[in-house]
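Trainee: Got a minute to go through this model with me? I'd like to start with one loop and then wander.

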Amino acid sequence: MIEFKNVSYHYGKGENQISALRDINLVINEGEFVAVLGPNGSGKSTLARHVNGLLKPTCGEVKVDGLSTDDPRAIWEIRQRVGMVFQNPDNQIVASSVKEDVSFGPENLGISTDEIKLRVDSALKTVGMADFSSIDPHMLSGGQRQKVAIAGALAMNTKYIVLDEATSMLDPKGRADIISTIEKLNREYGITILYITHIPDEAVLADRIIILSNGSIAMDGSPRDVFSNLSALSKIGVGAPAARLIAEELLIAGVNLPNTILTVDELVAALC
(Lines give C-alpha, C1' and ligand atoms only; values in the text may rest on other atoms or scores of the structure.)
Protein backbone atom coordinates (compact mmCIF):
# COMPACT_ATOMS: atom_id res chain seq x y z
CA MET A 1 0.00 0.00 0.00
CA ILE A 2 0.89 3.68 -0.28
CA GLU A 3 0.75 5.57 3.01
CA PHE A 4 0.88 9.28 3.77
CA LYS A 5 1.35 9.91 7.49
CA ASN A 6 0.87 13.52 8.66
CA VAL A 7 2.53 14.76 5.47
CA SER A 8 3.04 18.49 4.95
CA TYR A 9 5.11 20.12 2.24
CA HIS A 10 6.20 23.75 2.03
CA TYR A 11 7.69 25.69 -0.87
CA GLY A 12 9.96 28.62 -0.14
CA LYS A 13 10.95 30.06 3.22
CA GLY A 14 9.91 32.78 5.63
CA GLU A 15 7.32 35.21 4.32
CA ASN A 16 7.45 33.50 0.90
CA GLN A 17 6.61 30.07 2.28
CA ILE A 18 3.64 28.32 0.64
CA SER A 19 2.01 25.26 2.18
CA ALA A 20 1.28 22.93 -0.75
CA LEU A 21 0.24 19.98 1.44
CA ARG A 22 -1.15 20.23 4.97
CA ASP A 23 -1.14 17.24 7.32
CA ILE A 24 -2.18 14.63 4.76
CA ASN A 25 -3.16 11.23 6.13
CA LEU A 26 -3.99 8.82 3.35
CA VAL A 27 -3.84 5.11 2.57
CA ILE A 28 -4.13 3.77 -0.98
CA ASN A 29 -4.53 0.02 -0.96
CA GLU A 30 -3.09 -2.34 -3.52
CA GLY A 31 -5.44 -2.78 -6.47
CA GLU A 32 -7.38 0.47 -5.97
CA PHE A 33 -8.16 2.98 -8.72
CA VAL A 34 -8.06 6.35 -6.97
CA ALA A 35 -8.69 9.68 -8.67
CA VAL A 36 -7.56 12.98 -7.17
CA LEU A 37 -9.50 16.13 -8.05
CA GLY A 38 -9.05 19.71 -6.95
CA PRO A 39 -8.79 23.27 -8.24
CA ASN A 40 -5.48 24.69 -9.49
CA GLY A 41 -3.06 25.09 -6.61
CA SER A 42 -4.81 22.55 -4.40
CA GLY A 43 -1.73 20.31 -4.15
CA LYS A 44 -2.60 17.53 -6.63
CA SER A 45 0.73 17.40 -8.47
CA THR A 46 2.67 17.90 -5.24
CA LEU A 47 0.88 14.89 -3.77
CA ALA A 48 1.69 12.81 -6.87
CA ARG A 49 5.38 13.66 -6.76
CA HIS A 50 5.66 12.47 -3.17
CA VAL A 51 4.68 8.89 -4.02
CA ASN A 52 7.99 7.94 -5.61
CA GLY A 53 10.23 10.39 -3.80
CA LEU A 54 10.53 13.12 -6.43
CA LEU A 55 9.55 15.37 -3.52
CA LYS A 56 10.20 14.64 0.16
CA PRO A 57 7.83 15.75 2.93
CA THR A 58 8.72 18.85 4.93
CA CYS A 59 7.28 16.87 7.81
CA GLY A 60 5.59 13.50 8.07
CA GLU A 61 6.38 10.37 6.08
CA VAL A 62 5.42 8.63 2.84
CA LYS A 63 5.77 4.86 2.60
CA VAL A 64 5.37 2.48 -0.33
CA ASP A 65 4.99 -1.14 0.77
CA GLY A 66 6.61 -0.16 4.05
CA LEU A 67 9.59 1.55 2.37
CA SER A 68 10.08 5.20 3.31
CA THR A 69 10.80 7.75 0.60
CA ASP A 70 13.08 9.46 3.15
CA ASP A 71 15.40 6.43 3.14
CA PRO A 72 18.02 6.87 0.38
CA ARG A 73 18.67 3.12 0.46
CA ALA A 74 15.04 2.42 -0.49
CA ILE A 75 14.42 5.09 -3.11
CA TRP A 76 15.41 3.04 -6.18
CA GLU A 77 13.31 0.11 -5.10
CA ILE A 78 10.38 2.48 -4.58
CA ARG A 79 10.84 3.89 -8.07
CA GLN A 80 10.79 0.40 -9.53
CA ARG A 81 7.45 -0.16 -7.82
CA VAL A 82 5.92 3.22 -8.68
CA GLY A 83 5.74 4.33 -12.30
CA MET A 84 5.09 8.00 -13.14
CA VAL A 85 3.32 9.32 -16.23
CA PHE A 86 3.31 13.11 -16.60
CA GLN A 87 1.26 15.68 -18.48
CA ASN A 88 3.53 16.00 -21.51
CA PRO A 89 4.65 12.62 -22.93
CA ASP A 90 7.48 14.31 -24.84
CA ASN A 91 9.22 14.97 -21.53
CA GLN A 92 9.56 11.21 -21.00
CA ILE A 93 10.70 10.14 -24.46
CA VAL A 94 14.43 9.35 -24.51
CA ALA A 95 14.96 7.13 -27.57
CA SER A 96 14.42 7.10 -31.33
CA SER A 97 12.13 4.07 -31.44
CA VAL A 98 9.23 2.92 -29.30
CA LYS A 99 10.87 -0.34 -28.24
CA GLU A 100 14.12 1.41 -27.31
CA ASP A 101 12.21 3.96 -25.27
CA VAL A 102 10.31 1.28 -23.34
CA SER A 103 13.59 -0.61 -22.84
CA PHE A 104 15.32 2.36 -21.23
CA GLY A 105 14.20 1.77 -17.65
CA PRO A 106 14.88 -1.99 -17.49
CA GLU A 107 18.28 -1.49 -19.14
CA ASN A 108 19.28 0.90 -16.36
CA LEU A 109 18.39 -1.79 -13.83
CA GLY A 110 20.90 -4.14 -15.44
CA ILE A 111 18.25 -6.66 -16.48
CA SER A 112 19.28 -9.30 -19.04
CA THR A 113 18.61 -8.67 -22.73
CA ASP A 114 16.21 -11.61 -23.01
CA GLU A 115 14.19 -10.45 -19.99
CA ILE A 116 14.05 -6.89 -21.33
CA LYS A 117 12.68 -8.13 -24.66
CA LEU A 118 9.99 -10.12 -22.87
CA ARG A 119 9.03 -7.13 -20.72
CA VAL A 120 8.96 -4.68 -23.63
CA ASP A 121 6.90 -6.99 -25.84
CA SER A 122 4.45 -7.65 -23.02
CA ALA A 123 4.15 -3.96 -22.06
CA LEU A 124 3.54 -2.81 -25.64
CA LYS A 125 0.96 -5.53 -26.18
CA THR A 126 -0.83 -4.57 -22.97
CA VAL A 127 -1.25 -0.94 -24.05
CA GLY A 128 -2.07 -1.81 -27.66
CA MET A 129 1.17 -0.48 -29.16
CA ALA A 130 2.86 -3.73 -30.27
CA ASP A 131 2.55 -2.80 -33.96
CA PHE A 132 4.45 0.46 -33.40
CA SER A 133 7.61 -0.92 -31.77
CA SER A 134 9.98 0.28 -34.52
CA ILE A 135 8.37 3.70 -35.00
CA ASP A 136 9.98 6.95 -33.83
CA PRO A 137 7.82 8.05 -30.85
CA HIS A 138 7.76 11.61 -32.16
CA MET A 139 5.83 10.36 -35.21
CA LEU A 140 2.97 9.16 -32.98
CA SER A 141 -0.11 11.02 -31.78
CA GLY A 142 -0.18 12.49 -28.28
CA GLY A 143 -2.36 9.64 -27.02
CA GLN A 144 -0.05 7.04 -28.53
CA ARG A 145 2.98 8.70 -26.95
CA GLN A 146 1.24 8.56 -23.56
CA LYS A 147 0.66 4.85 -24.11
CA VAL A 148 4.39 4.47 -24.75
CA ALA A 149 5.08 6.28 -21.46
CA ILE A 150 2.70 3.89 -19.68
CA ALA A 151 4.40 0.92 -21.36
CA GLY A 152 7.73 2.21 -20.06
CA ALA A 153 6.34 2.11 -16.53
CA LEU A 154 4.94 -1.40 -17.05
CA ALA A 155 8.30 -2.66 -18.32
CA MET A 156 9.73 -1.81 -14.90
CA ASN A 157 7.25 -4.31 -13.41
CA THR A 158 5.57 -1.54 -11.44
CA LYS A 159 2.80 -2.30 -8.94
CA TYR A 160 1.60 1.30 -8.85
CA ILE A 161 1.18 3.88 -11.62
CA VAL A 162 0.74 7.57 -10.84
CA LEU A 163 -0.66 9.64 -13.70
CA ASP A 164 -0.37 13.39 -13.25
CA GLU A 165 -2.83 15.17 -15.58
CA ALA A 166 -1.84 12.60 -18.23
CA THR A 167 -4.75 13.43 -20.56
CA SER A 168 -4.83 17.23 -20.26
CA MET A 169 -2.88 17.79 -23.52
CA LEU A 170 -4.87 15.23 -25.55
CA ASP A 171 -7.93 15.49 -27.78
CA PRO A 172 -11.14 13.65 -26.76
CA LYS A 173 -10.18 10.46 -28.64
CA GLY A 174 -6.72 10.46 -27.08
CA ARG A 175 -8.22 10.96 -23.62
CA ALA A 176 -10.68 8.11 -24.17
CA ASP A 177 -7.86 5.78 -25.30
CA ILE A 178 -5.75 6.54 -22.24
CA ILE A 179 -8.67 6.13 -19.84
CA SER A 180 -9.53 2.78 -21.46
CA THR A 181 -5.90 1.67 -21.08
CA ILE A 182 -5.81 2.72 -17.43
CA GLU A 183 -9.04 0.85 -16.68
CA LYS A 184 -7.62 -2.25 -18.35
CA LEU A 185 -4.41 -2.09 -16.31
CA ASN A 186 -6.43 -1.80 -13.10
CA ARG A 187 -9.29 -4.23 -13.78
CA GLU A 188 -7.39 -6.94 -15.67
CA TYR A 189 -3.87 -6.68 -14.28
CA GLY A 190 -4.54 -5.44 -10.75
CA ILE A 191 -2.20 -2.45 -11.03
CA THR A 192 -2.91 0.26 -8.48
CA ILE A 193 -3.75 3.58 -10.14
CA LEU A 194 -3.41 7.06 -8.63
CA TYR A 195 -4.96 9.34 -11.22
CA ILE A 196 -4.53 13.11 -10.92
CA THR A 197 -7.05 15.00 -13.04
CA HIS A 198 -9.16 18.14 -13.28
CA ILE A 199 -11.84 16.40 -15.37
CA PRO A 200 -14.77 15.07 -13.30
CA ASP A 201 -16.00 12.83 -16.14
CA GLU A 202 -12.68 10.97 -15.95
CA ALA A 203 -12.61 10.77 -12.16
CA VAL A 204 -16.06 9.16 -12.07
CA LEU A 205 -14.54 5.96 -13.49
CA ALA A 206 -12.38 5.44 -10.38
CA ASP A 207 -13.26 3.32 -7.35
CA ARG A 208 -12.58 6.24 -5.06
CA ILE A 209 -12.22 9.99 -5.35
CA ILE A 210 -10.13 12.30 -3.18
CA ILE A 211 -10.84 16.02 -3.34
CA LEU A 212 -7.98 18.33 -2.38
CA SER A 213 -8.51 21.93 -1.31
CA ASN A 214 -5.71 24.25 -0.19
CA GLY A 215 -3.40 21.29 0.36
CA SER A 216 -5.83 19.34 2.56
CA ILE A 217 -8.18 16.43 1.93
CA ALA A 218 -11.65 17.94 1.74
CA MET A 219 -13.55 14.84 0.61
CA ASP A 220 -12.74 11.14 0.26
CA GLY A 221 -15.25 8.55 -0.90
CA SER A 222 -16.89 6.71 -3.77
CA PRO A 223 -17.82 8.70 -6.89
CA ARG A 224 -21.51 8.54 -5.95
CA ASP A 225 -20.82 9.82 -2.45
CA VAL A 226 -18.52 12.61 -3.58
CA PHE A 227 -20.63 13.84 -6.49
CA SER A 228 -23.86 13.70 -4.49
CA ASN A 229 -22.88 16.93 -2.72
CA LEU A 230 -22.81 19.51 -5.51
CA SER A 231 -22.93 22.49 -3.16
CA ALA A 232 -19.83 21.35 -1.26
CA LEU A 233 -17.98 20.74 -4.53
CA SER A 234 -18.96 24.18 -5.79
CA LYS A 235 -17.55 25.85 -2.67
CA ILE A 236 -14.26 24.00 -3.17
CA GLY A 237 -14.15 24.94 -6.85
CA VAL A 238 -14.59 21.45 -8.28
CA GLY A 239 -17.13 20.56 -10.95
CA ALA A 240 -19.18 17.41 -11.43
CA PRO A 241 -19.69 15.06 -14.38
CA ALA A 242 -21.82 16.59 -17.14
CA ALA A 243 -24.48 13.89 -16.80
CA ARG A 244 -24.77 14.60 -13.06
CA LEU A 245 -25.28 18.33 -13.71
CA ILE A 246 -27.86 17.71 -16.43
CA ALA A 247 -29.73 15.27 -14.18
CA GLU A 248 -29.75 17.85 -11.39
CA GLU A 249 -31.29 20.48 -13.68
CA LEU A 250 -33.94 18.00 -14.82
CA LEU A 251 -34.73 17.14 -11.20
CA ILE A 252 -35.17 20.83 -10.42
CA ALA A 253 -37.48 21.09 -13.44
CA GLY A 254 -39.64 18.31 -12.02
CA VAL A 255 -38.46 15.30 -14.02
CA ASN A 256 -38.59 12.15 -11.91
CA LEU A 257 -35.00 10.88 -11.95
CA PRO A 258 -32.75 9.22 -9.36
CA ASN A 259 -30.25 11.62 -7.78
CA THR A 260 -27.38 9.15 -8.19
CA ILE A 261 -26.81 9.55 -11.94
CA LEU A 262 -23.15 10.03 -12.88
CA THR A 263 -22.69 8.88 -16.48
CA VAL A 264 -24.33 9.52 -19.83
CA ASP A 265 -25.40 5.87 -20.05
CA GLU A 266 -27.13 6.10 -16.67
CA LEU A 267 -28.86 9.32 -17.70
CA VAL A 268 -30.08 7.85 -20.98
CA ALA A 269 -31.35 4.72 -19.25
CA ALA A 270 -33.21 6.75 -16.61
CA LEU A 271 -34.83 9.03 -19.19
CA CYS A 272 -35.88 6.10 -21.35
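Trainee: Where does glutamate 165 sit?
Mentor: In this predicted model, glutamate 165 lies in the loop between β7 (160-164) and α6 (172-189). Helices (H or I, at least four residues) and strands (E, at least two) are DSSP runs, numbered from the N terminus.

Trainee: How far away is the nearest side chain of opposite charge?
Mentor: That is lysine 44, 4.1 Å away, and glutamate 165 has no salt bridge although it is buried. A salt bridge here is a side-chain nitrogen of Lys or Arg within 4 Å of a carboxyl oxygen of Asp or Glu. For charge, Lys and Arg count as positive and Asp and Glu as negative, while His and the chain ends are not counted. Buried means under 20% relative accessible area, exposed over 50%, and partly exposed in between (1.4 Å probe, protein chains only).

Trainee: Which side chain makes a polar contact with glutamate 165?
Mentor: Histidine 198, at 2.8 Å. A polar contact is a pair of N or O atoms within 3.5 Å; within protein, one must be able to donate a hydrogen and the other to accept it, and residues adjacent in sequence count only if both atoms are side-chain atoms.

Trainee: And which residues is glutamate 165 in contact with, leaving aside neighbours within four places in sequence?
Mentor: Lys44, Gln87, Ile196, Thr197 and His198. Contact means heavy atoms within 4.5 Å.

Trainee: Lys44 again. Is helix α1 buried or exposed?
Mentor: Helix α1 (residues 44-51) has 6 of its 8 residues buried, so it is largely enclosed by the rest of the structure. Lys44 is one of the buried ones, along with Thr46, Leu47, Ala48, His50 and Val51. Just after α1, glycine 53 has a positive phi of about 85 degrees.

Trainee: Switching to the sheet. What's the strand order?
Mentor: The open sheet has 6 strands, ordered β6-β7-β8-β3-β9-β10, with mixed pairing. Two strands pair if DSSP finds at least two bridges between them. β6 (82-85) and β10 are at the edges with a single partner strand each, so one side of each has no neighbour in the sheet. From one strand to the next, the twist averages 20 degrees. Angles run from 0 to 180 degrees between N-to-C directions, and axes are lines fitted to C-alpha atoms, for helices over the stretch in contact.

Trainee: How many bridges join β3 to β8?
Mentor: There are 4, between residues 33-37 and 192-196, and the two strands run parallel. Valine 34 stands opposite leucine 194 there. Helix α1 packs on this sheet, touching β3, β6, β7, β8 and β9, and its direction makes about 155 degrees with that of β7.

Trainee: What about β1 and β2, how do they run?
Mentor: Antiparallel, with 7 bridges joining β1 (residues 2-11) to β2 (residues 18-28). Histidine 10 has serine 19 as its bridge partner in β2. The two strands form a hairpin with 6 residues between them, and glycine 12 in the turn has a positive phi of about 75 degrees.

Trainee: Which residue in the loop between β9 and β10 has a positive phi without being a glycine?
Mentor: Asparagine 214, at about 50 degrees. Asparagine 214 is exposed, with a relative accessible area of 56%.

Trainee: Any fine print?
Mentor: Residues are numbered from 1 along each chain as its sequence is written, and side-chain values use heavy atoms, with hydrogens and water left out. As the model is predicted, local features need pLDDT of at least 70 and side-chain atom pairs count only at pLDDT 80 or more, while totals for chains, interfaces and linings use all residues.
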